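Could you take me round this protein, one selection at a time? I have the viewer open and would like to know what to click on next and what is there.

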Amino acid sequence: MLVSCRRLLTTLLHAQKWPFQPSRSMRLVQFQAPHLTGPHLGLESGNGGGVINLNTFDPTLPKTMMEFLEQGEATLSVARRALTAQLPVLPRSEVTFLAPVTRPDKVVCVGMNYVDHCKEQNVPVPKEPIIFSKFASSIVGPYDEVILPPESQEVDWEVELAVVIGKKGKRIKATDAMAHVAGFTVAHDVSARDWQMRRNGKQWLLGKTFDTFCPLGPALVTKDSIADPHNLKICCRVNGEVVQSSNTNQMVFKTEELIAWISQFVTLYPGDVILTGTPPGVGVFRKPPVFLKKGDEVQCEIEELGIIINKVV
């Protein structure tokens, strides 16, 4: 069951620590509504605002973010026109937000990518990016539930900045990397530490990719709407208590370096998601360790991008 959007908005507004985004920023969303068939594309009218239906504005637009991104500048220009038009806004309480990107070709993740997170573990800062992945089937919406799998007793939280690729590329130079970025969103890299750290030969994949282990959202905020993605407050709260609080300026490898590194090995496609690492404060390194339990509520928030709220069931 999805969390009630009406109750959720109240929680969001009370939890918000940073000023709302100006409504002119481009905040692309995927959503559903009772009066609509299937998913639709929209614009969030400001951080925490209602939704403008892009498919009503231009019925020729695709209805999924993947197709939207694949069409590049042609669809982005339509969205920009919609942003400046006086269009009706669907109240937030009447829509269900989906993940801004669903079914991407790949979800690439970066480990140990915050200086303060390395200090927390008393390990050296990596000389090269540490790369692993999640399967696309782990993606859920910004207010969907996180399901505790019976196979794990050590499920942990990780707030992360996610980069969404907008243009295909291979062996991309760091100086050209931002031309391949569509925008940014908030991610929760839910992690089963027993499977990540002890089981399966200590390979990380299985512990990272259980179903529902990758909430994303609420919006894909286009890169031109953000002053500096590497200077944003980043925060995670569990049941209202701040457990992670840092800044993306602590990232060891910035977006450009990560894209250059990853694209040496794989072709990046529109819609691909890169999770850029988490700051300190995760449960496994607390003394004693703390893990998520049924009934917990996790709020992951990044300045200028928004907040996602996931109940643990």
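Here is a tour that begins with the whole chain and then moves from site to site.

**Before you start**

This is a predicted model, in which local features need pLDDT of at least 70 and side-chain atom pairs count only at pLDDT 80 or more, while totals for chains, interfaces and linings use all residues. Residues are numbered from 1 along each chain as its sequence is written, and side-chain values use heavy atoms, with hydrogens and water left out.

**Stop 1: the whole chain**

Show everything as a cartoon. The protein has eight helices and 17 strands; these are DSSP runs numbered from the N terminus, with helices (H or I) of at least four residues and strands (E) of at least two. Along the principal axes, the C-alpha atoms fill a box of roughly 55 × 45 × 35 Å. The radius of gyration is 18 Å, which agrees with the value near 20 Å for a compact globule of 313 residues. That radius is taken over C-alpha atoms, and the globule rule is 2.2 Å times the number of residues to the power 0.38.

Now switch on the surface. It comes to about 13,100 Å², and 55% of it belongs to carbon and sulfur atoms; the areas come from the Shrake-Rupley method with a 1.4 Å probe, and for residues only the protein chains shown count as cover. Of the 313 residues, 58% count as buried. Here buried means under 20% relative accessible area, exposed means over 50%, and partly exposed is in between (1.4 Å probe, protein chains only). Among contacts (heavy atoms within 4.5 Å) between residues at least 6 apart in sequence, 75% join residues at least 24 apart.

**Stop 2: aromatic pairs**

A search of the whole structure finds four aromatic pairs. Rings of Phe, Tyr and Trp (its six-membered ring) pair if their centres lie within 6.5 Å; planes under 30 degrees apart count as stacked, over 60 as edge-to-face and the rest as tilted.

Select Phe 97 and Tyr 143. Their ring centres are 5.8 Å apart and their planes stand at 80 degrees, so this pair is edge-to-face. Phe 97 belongs to strand β4 (residues 96–98) and Tyr 143 to the loop between β7 and β8, so the pair ties together parts 46 residues apart in sequence. Phe 97 is buried at 2% relative accessibility, and Tyr 143 is buried at 5%.

Next, select Phe 132 and Trp 204. This pair is also edge-to-face, with centres 5.1 Å apart and planes at 70 degrees. Phe 132 lies in strand β6 (residues 130–134) and Trp 204 in the loop between α6 (193–197) and α7 (205–208), so parts 72 residues apart in sequence are tied together. Is Trp 204 buried or partly exposed? At 26% relative accessibility, Trp 204 counts as partly exposed, whereas Phe 132 counts as buried at 11%.

**Stop 3: Ser 152 and its surroundings**

Select Ser 152, in the loop between β7 (139–140) and β8 (155–156). Ser 152 is buried, with a relative accessible area of 6%. Leaving aside neighbours within four places in sequence, Ser 152 is in contact with Ala 192, Asp 194 and Trp 195.

Which side chain makes a polar contact with the side chain of Ser 152? That of Asp 194, at 2.8 Å. A polar contact is a pair of N or O atoms within 3.5 Å; within protein, one must be able to donate a hydrogen and the other to accept it, and residues adjacent in sequence count only if both atoms are side-chain atoms. A polar atom of the Ser 152 side chain also lies 3.2 Å from the backbone nitrogen of Glu 154.

From Trp 195, add Arg 199: its charged end sits over the Trp 195 ring, 3.9 Å from the centre. For this, NZ of Lys or CZ of Arg must be within 6 Å of the ring centre and within 35 degrees of the ring normal.

**Stop 4: backbone details**

Select Asn 200, in the loop between α6 and α7. Asn 200 is not a glycine, although its phi is positive at about 55 degrees.

Move to Gly 217 and Pro 218, joined by a cis peptide bond with omega about -5 degrees. Pro 218 is found in strand β12 (residues 214–222).

Another cis peptide bond runs from Lys 287 to Pro 288, with omega near -5 degrees. Pro 288 lies in the loop between β15 and β16.

**Last stop: Pro 289**

Finish at Pro 289, in the loop between β15 (273–275) and β16 (297–302). Pro 289 is partly exposed, with a relative accessible area of 45%. Beyond its neighbours within four places in sequence, Pro 289 is in contact with Gly 283 and Val 284. Draw a distance to Asp 156: the two C-alpha atoms are separated by 9.6 Å, with these positions 133 residues apart along the chain.
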